[in-house]
Amino acid sequence: MENFDVVVIGAGAAGLFCAGVAGQLGLKVLVLDHGEKVAEKIRISGGGRCNFTNREVTPANFLSENPNFCRSALARYTPRHFIELVQRHGIAFHEKHKGQLFCDRSAEDIITMLLAECAAGGVTRWQPCSVKQVRATTVEDKDGYEIDSSQGTVSCRSVVVASGGLSIPKIGATDFGYRIAKQFGLRLVETRPALVPLTFDGADWAPYAGLAGLSLPVQIETGSKKAKMAFLEDLLFTHRGLSGPAVLQISSYWRENTPIRMNLSPDHDILQVLLAAKARSRKLIANELAGLVPTRLADAWVQQDKAWQRPVNEAADKALAALADKFSRWELTPSGTEGYKKAEVTAGGVDTRDLSSQTLESKQAGLYFIGEVVDVTGWLGGYNFQWAWASGFACAQGLMARKN
């Protein structure tokens with residue numbers, strides 16, 4: 001039976017990065033992954049260009065039942081550290097809006113870099129290789145683990161679970177990490193799709209179904225006054241509901257049977273614009289609205305009330321006020337989401353109360369959880385990758401300390 005210091009289960013962002021760092025610290029590391037292709041989620045991310053981090057990362061960009069848990073890891077491995085690594089590997093990148101960094105060429109550059117880092121640390125990778133069982137045992141008179149895999153049984157001092165969440169099952173997502181957590185008595189925070197499009201009942205959505213493909217900047221929010229979350233991002237209408245960065249962001253905070261609210265023209269006071277138009281224009285209200293938002297949206301909007309289907313100079317102030325109010329505070333309740341098949345990440349996961357914020361080691365000695373499998377979920381824009389790097393780095397330091 002071959003013996004390793006560490007077995008990392010999952011060859012995604014967190015797993016490969018942790019393995020590379022641990023290997024370069026001098027640990028003997030094995031990475032196992034059941035997928036045919038390495039790091040497939042990195043490969044498809046960011047439209048194939050991988051939004052690998054964000055220049056402006058704070059704990060406020062993450063949601064968790066324990067919002068302070070991520071502070072330690074994020075502070076010890078920052079976006080600056082990862083950017084320096086990317087630059088050392090000669091990867092060209094650019095910044096989009098709000099600090100988002102993307103590869104100029106391809107997400108493949110990040111995968112190649114991670115594999116090179118693993119190679120520099122002498123990391124062994126078995127892929128595809130499925131894990132059949134993980135059991136606690138004794139290795140050289142010390143607590144350790146044995147892992148039965150499709151390529152045989154190995155022993156190790158420590159196991160790192162970096163198997164991700166339930167998002168995008170077509171590229172291999174499973175509940176493996178949650179099953180291992182349960183096996184060793186760790187608590188779980190209920191999982192749900194996050195960074196995911198929202199859907200609406202057919203009849204409710206009928207007035208807007210014809211707007212599919214239309215995009216515009218909005219302010220979107222959900223939650224009560226005490227726990228309100230809001231974003232200023234682009235909205236995209238789809239045949240079944242809403243998507244785009246605004247909706248993906250708010251979806252992580254949205255709860256079933258609760259409404260979302262949107263200002264469809266956040267840069268304008270719609271009522272003042274309409275009242276000013278009333279004093280000087282004979283155009284239809286829809287035409288005036290079309291000066292602020294896409295024409296298709298303006299046309300669809302005025303169809304909701306006959307009082308809005310007339311020249312602006314003939315409209316009652318009360319009707320214009322009602323139109324402005326609905327336009328700037330459009331409230332609607334989604335029927336659901338597009339689910340894990342379209343979700344970029346999984347919210348919830350291994351309960352951080354059972355993990356060390358310093359090392360990501362669980363209360364089961366020698367068993368670690370990093371990346372998306374943990375109840376730490378970032379915003380859209382490179383934050384989840386930064387959590388993968390930061391949690392992987394903190395874990396590697398903890399693994400070295402455990403060996404010593």
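A cavity is taken here as a set of grid points where a 1.4 Å probe fits but cannot get out, and its lining residues are those with an atom within 4 Å of a point. In this predicted model, the largest cavity is lined by D5, V6, L27, R157, S158, L399, R402 and K403. Three elements each give two or more residues to this lining, namely β1 (2–9), β10 (152–161) and α13 (383–403). The greatest contribution is that of α13, which supplies three residues. Sorted by class, the lining comprises four charged residues, three nonpolar residues and one polar residue. The space within the largest cavity amounts to about 40 Å³, and the structure holds one cavity of 30 Å³ or more.

Helix α1 was examined for its length and its burial. The helix covers residues 13–24. Its twelve residues, at 1.5 Å a residue, should span 16 Å, and the C-alpha atoms at its ends lie 17 Å apart, so the expected and computed values agree.

Burial was assessed with a cut-off of under 20% relative accessible area. Eleven of the twelve residues of α1 are buried, and the helix is therefore largely enclosed by the rest of the structure. The buried residues of α1 are A13, A14, G15, L16, F17, C18, A19, G20, V21, A22 and G23. After α1 comes G26, which has a positive phi, near 110°.

How values were computed:
Residues numbered from 1 in each chain as written. Predicted model: local features only at pLDDT ≥ 70, side-chain atom pairs only at ≥ 80, totals over all residues. Heavy atoms only, no water. 1 Å grid on protein atoms, 1.4 Å probe; cavity = no way out; pocket = protein on both sides within 12 Å on 5 of 7 lines; lining within 4 Å. Points joined across faces, edges and corners; volume = space filled by probe spheres on them. Helix = DSSP H or I, 4+ residues; strand = E, 2+ residues; numbered from the N terminus. Nonpolar A, V, L, I, M, F, W, Y, C, P; charged D, E, K, R; others polar. Expected span 1.5 Å × (residues − 1). Buried < 20%, exposed > 50% of the residue type's maximum accessible area, 1.4 Å probe, protein only.
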